[in-house]
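Let us walk through this model, beginning with one pair of helices and then stepping back to the whole chain.

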Amino acid sequence: MTASKSRLKKHSERVERVAIRFAGDSGDGMQLTGARFSDETALAGNDLSTFPDFPAEIRAPAGTMAGVSGFQIHFSSHDIHTPADQPDVLIAFNPAALRANVDDVRPKGMLIINIDSFNQKALTRAGYDGDPLPDLRDRYQLVEVPFTSLNREALQGLDLSQREIDRCKNFFALGMLCWLYGRQMEATERWLGGKFKGDILEGNVRTLRAGHAFGETTELFPVSFEVPAAKIEPGTYRNITGNQALAWGIVAAGVQMERGVFLGAYPITPASEVLHEVARYRHFGVKTFQAEDEMAAASSTIGAAFAGQLAVTISSGPGFVLKQEALALASMVELPLVAINVQRAGPSTGSPTKTEQGDLLAALFGRHSQSPIPILAPCTPGDCFHIILEAFRIAVRYMTPVIVLSDGYIANSSEPWLIPDVDALDRDPIRFASAQDVGEFQPYARDPETLARPWAIPGTKGLEHRIGGLTKQDITGNVSYEADNHRKMNQLRKDKIAGIAKQFAPIEIDGPVEGEILIVGWGGTLGSITAAVEAVREDGLSVSRIHLRHLNPFPKNLGEILGRFEKVLLPELSDGHLALLLRARFLIDIRSLTKIEGQPFKISELTEAIRELHSSSTA
Amino acid sequence: MAAQPAVKISRKDFVSDQDVRWCPGCGDYSILANVQRVMPDLGVPRENVVFVSGIGCSSRFPYYMNTYGFHTIHGRAPAFATGIKASRPELSVWIVTGDGDGLSIGGNHLLHTIRRNIDTQILLFNNQIYGLTKGQYSPTSEVGIKTKSTPQGSIDHPVDPIAFALGCGATFIARTIDVDAKHMQLILKRAHEHKGTAFIEILQNCPVFNDGIWEAVENRKSRTTAALVLEHGEPLVFGQQGHRQGIVFKDGIPSVIDLADDDDPIERGVVVHDERPNASSYAGVLASLRRPDFPIPVGVFRAVEKPTYEEMLQAQVDSAIADRGRGDLKALLHSGDTWTI
C-alpha cells in the first residue's frame, strides 16, 4: 500500500462532514460498495449514518431509472443523526443513476460519473433527450472518470470473462473514494479474502488498489479530504443495521433467558434478512422455521410458546395483518411471544423497499374485539437489539404477546454501535410453573402484581390443562359464556397490559421541561428529529423533544409532559397515527406533521415546520 | 419419569372434568372414547401428550382429554402442532380436525405439515358437512347436496382426504369408521407407532346435518360387503361367506370379481395389499374406490419411512454445536470489524 506516501504529494483539506451517495444499476453492487465504504469510515473513527435506497425489483432492465439503486453515507467528525438531506458527492455509474439522483445533490456539489457509460444509447434509455453534461458542468463540480476502461486495464491478464471483469468496477470506484477521503482499505481486502478466491479475489483487490492509485495520481482531484475522527463515547464499536440488530437481539434473548428460541417466519421484504441472519446461529440452540404462509408463521410461533420456547415471528405490513388472527388468540390464551413488524410503505404490496410508520393503529386496533397487546418501537438500528430483549422480558413477565414496530429505514440503515457489555445485560432465566409451587393448578390464576397467569408447559406432570380461543372462566380457564365473567376477563387483560407501564422509566425530556414547543417522535424518526431540533436550537429557538419507544402502554408521565407545552408537534411517516391517539387520549391539540413518500424525513422538512410553528400565533 | 414405579393408568386418567357437549348420537363420542381407551396402551406419560385442534365440532376434542390441549384457530392446528413438535420433539402431538377445518380453511397447513413429515397424528373427522356453523356443505360433500348455503344443490367437486394426503406425500395414511371401536383402536396404535405424519380419515356421522352418509359401513351387517378391510400382505377380499368378492387390477384399472368359497383369491389374481410400495400410484387407485361400484377401503393405505422434520432440525442444531461449539454471545457481538475508542 502506498496510501501514506500519497498524502505527501497532494494537499489534504480538512472538512467536518461529508455525505456521499453511490448510485448505479441494481446489479452494479452499489449496496456492497456503500457498505464497504461505511465500514472503512467507521474504522476511521467517524460518526456515520447510512441510507440504502433500492428498488423492489431484483434486476430491473439495465440502464433504466427503475433499476437505479442508491446508497448514501453521511460521516462526520462530530455527532450526527441522519444520512443527510443532500449528498455533497454523487458517484453515478450510468446516466439513469445520474438523472435519478442529481437533483438531490447540494448546489456546487461534486458529481463523479462513469464517463464510459455515457453513450447515446444509455442516455436515451435513461430518458435524456440531449447531453446533460454541459449544463451540469455549470452547476456542479463534474468529474468524469472512465471507470469501465480503467478497471479493464487494471485487470488485464487475469483469467476472467469480460463480464466478470466489468463486475469489479465498483471496487475501482471504492478504492478511488478511499483515497479521496483518507480511508484505509485493509478491512475491505480482508472482507474480499473471506468472500472470494482465485482470480475473482485477485481482480477485486487489484482494481481496488488501482482505484486508490488512480486517485493519488490523477489531476482530476487536486486535493484529498480529511474528516477527523469524532469524539464519541469510549468503548468498542461495530457497524450494525437494524435488521442485524433485531436478529442478534433474538439470539441474545435465548442466551440471557437460558431457553431455546423458535423463530417462525414467511419471507417478506424488508424483514426476511432477520430470518436469514438468525438461521445462521443454530449453534445457539436457535430453531428457525420457514412456514408455508404468514398465518402458519404466527401459529407455529404460538405453538412453540405453548411448548415453552422463546417464540418470535417476524414480517412486514402485508404479512403482519395476516397474523392478527393468531395474535388475537395469543392475547386470549395469554402466551408470551414477540411479533416483529418491519413496517414498509403500503397499503397492499405498496413499495416494499421503502419505509413508513403506517402500521401503528393496525398494531393497536387491527384485531377483532378487544385484544390489548404491548407495542414497542426501536428508534435506531442499534436500539433494535435492546428492544428485542425488552420485548421478551415483558412477554414472559406478563404472559402476553408483544409487538415490535421497526421500519424499513432503520432496518437497512447502519450506524456505529457501542457493543454492549454482555456481562452487564440482564440475565433472566425462565421459570415455568411446576406442580410443587402451584398447589392445585389453575391455568388462569394470576400473579397479584403483574396479573400474569402461570406458564405451564407440556411435559410438566400434574399441570395438564387445556387452553383455547373460547372465552375463559376466570381462574380455572374453563370455557365460559357467562356475561359477568366475560366482562371481568376483558378487564383483567386490559389492566394487565396497562400495568406494564409501571416498569417503564419516566420519559426524559431533551431541552426545557416546559415552554413553547415540544416535538414528539416515535420509532425510527429519532435521528431526523434530533438533528432538526439541534439545528433550530443553533438559531436560538427554545425547543424541547421527547421520543417514544413504548407505544402501548404509554409511559406514565406522557400526558403530564404534553400538558406543559403551548404547542406540540408530532412528525411521523404516516397519516398521523400517533397524533390521533394522543389527541384522543390526552385531549391535547397535537399538530401532526405527516409524510407518506416512502422516505425518511429530511432535516429541512422538520426545521421548516418547527420554525413555522414558532412564528404562528398561539391559539 | 422413568425413576418412579409405573402406576397403571387407565382410560379414566384421560377423561377431563369437562362436560362433553356434542349432539346426542354424534360420531365424535365414539371417537373420543376410543382415543381415551387407546392412550394408556401407548406408553406415553400423560404429561407428554398434547392434543391440538382448530375450529369446528371435532375441534372441541382437546377440552375432553385430560392431557395438555390447545384449541386454536380455524384450520391452523397443523401449524400450531408444527411449532410444538419442532420445539419439543419428545412430545406426542395429536391433531384433531374435520373436513371443513382441515381441507377447506386449513388445506394449506395440512398440505405442508404432511409434506414435512412432522411426527404427529392427524385425525380428520369426515362427516361431509359443516356442523358447528349449522349445516353448510363442506369440501368433501358430494356434488348436488342440498344444504342451507346450496339450496339448489352443491356445484363443488369434492376432495378426497386420502387422495389429498397421498398427493402431499404422506408417509402414513389410514381410514377408519367412527363406530368400529376395534378397528379404530388398531389404527390409532399403528398411527402412533409410525414415525412421521400419520394421517387418519375417520368416517364420522353427523346425525343432525348429514345423517346416514356412512350408513353402509357403519352398520355391522352391511359393513362386510360395503367396506374393504386393508391388511398388509392379505388379498383385497370383502363380503361374507357365500358372497366373497375381490379386487383385481387390469392395466392398472380396478374391478371386482366374484369368488367362490373354495377359491384361492391370490390364484384368481386378487391384488395383495402392500402398504409399502415406493410408488404411490397403488394407494391412489385404492383411494379412488368408492361405492356403489366398489367397497370403501378401510385400514392402512400406506406406511413408509422418511426422516421427520423435527429430527432433521434438531440434528442441524446438534451438528452446529458440535462443529462450532455452543454459541458465545460476546464473540458474536464482537465478530467482524470492530474498533475501540
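This is a predicted model. Start with helix α6 (residues 147–154) and helix α10 (residues 198–217) of chain A, whose axes come within 9 Å and cross at roughly 120 degrees. Angles of 65 to 115 degrees count as roughly perpendicular and those over 145 as roughly antiparallel. The crossing angle therefore makes α6(A) oblique to α10(A). The hand of this crossing is right-handed.

Which residues meet here? From α6(A) come A:L150, A:N151 and A:A154. On the α10(A) side they meet A:R206, A:T207, A:A210 and A:F214.

Now turn to helix α13 of chain A, residues 294–306. Its 13 residues reach 18 Å from the first C-alpha to the last. That is close to the 18 Å expected at 1.5 Å a residue. Is α13(A) mostly covered or mostly open? It is mostly covered, with 13 of its 13 residues buried. After the helix comes A:G308, which has a positive phi near 95 degrees.

Step back to the whole chain. Chain A holds 24 helices and 22 strands. Its radius of gyration is 27 Å, and the globule rule gives 25 Å for 619 residues. The two values are close, so chain A is as compact as a globular protein of that length. The C-alpha trace spans about 85 × 65 × 45 Å along its principal axes.

Burial and contacts complete the view. Of the 619 residues of chain A, 53% count as buried. Among contacts with a separation of 6 or more, 77% link residues 24 or more positions apart.

Key. Residues numbered from 1 in each chain as written. Chains lettered and ligands numbered in written order. Predicted model: local features only at pLDDT ≥ 70, side-chain atom pairs only at ≥ 80, totals over all residues. Helix = DSSP H or I, 4+ residues; strand = E, 2+ residues; numbered from the N terminus. Rg over C-alpha atoms; globule rule 2.2 N^0.38 Å. Buried ≥ 20, exposed ≤ 12 C-beta atoms within 10 Å, placed from the backbone. Contact = placed C-beta atoms within 7 Å. Expected span 1.5 Å × (residues − 1). Axes fitted to C-alpha atoms, helices over the stretch in contact; angles between N-to-C directions. Parallel < 35°, antiparallel > 145°, perpendicular 65-115°, else oblique. Left-handed = near helix turned anticlockwise from the far one by under 90°.
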